[in-house]
Amino acid sequence: MHCPYCKHCDTKVLDSRVADDGAQIRRRRVCQSCEKRFTTVELMQLTVLKRSGATEPFHREKAVAGVRKACKGRPVSEDDLARLGQVVEDQLRLAGSPEVAAHEVGLAILGPLRQLDEVAYLRFASVYRGFESAADFESEIQLMRAERELSPAETG
């Protein structure tokens with residue numbers, strides 16, 4: 001680790017602590033040359049296993065970009081999308097595996113998107129699940145209605 005002050009390449013770890021429910025490690029360091037102290041944060045790198053077998057680092061913005069298309073013309077703000085991206089990333093990290101299948105990323109998006117905007121959810125699901133006809137939309141809408149009727153009323 002290079003010192004951010006003098007760029008010396010020899011630093012010493014003074015203290016390490018687990019942070020963010022085990023997803024991060026915070027380290028307090030001191031430079032062996034200028035003796036200044038600084039903190040570093042190590043974060044588990046999530047990788048996505050694509051259908052082709054290739055892997056690439058998980059990027060929250062890439063996941064949000066797909067959702068943004070589904071939300072076009074809907075009353076969904078950039079803040080809403082940022083929160084959804086955070087929820088999806090947190091859900092994937094809590095699974096505990098450093099590598100997730102691309103399919104799992106899509107599944108992690110569906111739940112929070114449905115709560116955010118049902119129309120955007122249907123748009124995203126139609127592409128993600130490969131809807132081929134109006135009947136596929138009808139089936140999904142019937143499922144959504146049935147689940148809504150089964151869930152207890154939020155206002156009471």
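**A guided chat about a predicted model**

Biologist: At 44% relative accessibility, how does Val41 count?

Modeller: Welcome! Keep in mind that this is a predicted model. A residue needs under 20% to be buried and over 50% to be exposed. At 44%, Val41 lies between these cut-offs, so Val41 counts as partly exposed.

Biologist: Leaving aside its neighbours within four places in sequence, which residues is Val41 in contact with?

Modeller: Let's place Val41 first: it is found in strand S3. Its C-alpha lies 9.7 Å from that of Val18, a residue 23 places away in sequence. Once neighbours within four places are set aside, the contacts of Val41 are Gln24, Ile25 and Arg26.

Biologist: Where does Glu35, with its positive phi, lie?

Modeller: Glu35 is not a glycine, yet its phi is near 65 degrees. Its relative accessible area is 61%, so Glu35 is exposed. As for its place, Glu35 sits between strand S2 (24-31) and strand S3 (37-43), in the loop.

Biologist: And Lys7, is it buried or exposed?

Modeller: Lys7 also has a positive phi without being a glycine, at about 70 degrees. Its place is in the segment before strand S1 (11-19). With a relative accessible area of 57%, above the 50% cut-off, Lys7 is therefore exposed.

Biologist: Which element gives the most to the lining of the largest pocket?

Modeller: The largest pocket has a volume of about 640 Å³. Strand S5 (55-57), helix H1 (60-70), helix H3 (102-116) and helix H4 (118-128) each give two or more residues to its lining. With six residues, the one that gives the most is H1.

Biologist: Which residues lie nearest the centre of that largest pocket?

Modeller: There are 22 lining residues to choose from. By class, the lining has twelve nonpolar, four polar and six charged residues. Nearest the centre lie Lys62, Ala102, Val105, Ile109 and Phe124.

Biologist: How many salt bridges does the structure hold?

Modeller: One of them joins the side chains of Glu61 and Arg68, at 3.0 Å from N to O. Glu61 is partly exposed, with 47% relative accessible area, and Arg68 is partly exposed at 29%. In the whole structure, the number of salt bridges is 13.

Biologist: How far apart are the closest N and O atoms in the salt bridge of Arg83 with Asp80?

Modeller: Arg83 and Asp80 are three residues apart in helix H2 (residues 78-94), so about one helical turn separates them. Asp80 has a relative accessible area of 19%, which is under the 20% cut-off, so Asp80 is buried. Between the closest N and O atoms of the pair, the distance is 2.6 Å.

Biologist: What about Glu118 and Arg148: which helices does this pair link?

Modeller: Their side chains meet in a salt bridge of 2.7 Å, N to O. The two residues are 30 residues apart, and the pair links distant parts of the chain. Glu118 is partly exposed at 34% relative accessibility, and Arg148 is partly exposed at 46%. Glu118 belongs to one helix and Arg148 to the other, and the two are H4 and H5.

Biologist: Which residues do salt bridges that share partners join into one network?

Modeller: Such a network forms where salt bridges have partners in common. The residues joined in this way are Arg27, Arg29 and Glu42.

Biologist: How far apart are the end C-alpha atoms of H2?

Modeller: H2 has 17 residues, and at 1.5 Å a residue they should span 24 Å. The span takes one less than the number of residues, so the last one adds no further rise. The model agrees with this, as the end C-alpha atoms are separated by 24 Å.

Biologist: What is included in the cover over the buried residues of H2?

Modeller: The buried residues of H2 are Asp80, Leu81, Leu84, Gly85, Val88, Glu89, Leu92 and Arg93. Just after this helix, Gly96 takes a positive phi of about 90 degrees. The cover over the buried residues includes S3, H1, strand S6 (99-101) and H3.

Biologist: Last one: leaving aside neighbours within four places in sequence, which residues is Glu140 in contact with?

Modeller: Glu140 is found in helix H5. Its relative accessible area is 8%, so Glu140 is buried. Its C-alpha is 23 Å from that of Asp80, 60 residues away along the chain. With neighbours within four places left aside, its contacts are Tyr121, Leu122, Arg129 and Phe131.

Note on methods: Residues numbered from 1 in each chain as written. Predicted model: local features only at pLDDT ≥ 70, side-chain atom pairs only at ≥ 80, totals over all residues. Heavy atoms only, no water. Helix = DSSP H or I, 4+ residues; strand = E, 2+ residues; numbered from the N terminus. Buried < 20%, exposed > 50% of the residue type's maximum accessible area, 1.4 Å probe, protein only. 1 Å grid on protein atoms, 1.4 Å probe; cavity = no way out; pocket = protein on both sides within 12 Å on 5 of 7 lines; lining within 4 Å. Points joined across faces, edges and corners; volume = space filled by probe spheres on them. Nonpolar A, V, L, I, M, F, W, Y, C, P; charged D, E, K, R; others polar. Salt bridge = Lys/Arg side-chain N within 4 Å of Asp/Glu carboxyl O. Contact = heavy atoms within 4.5 Å.
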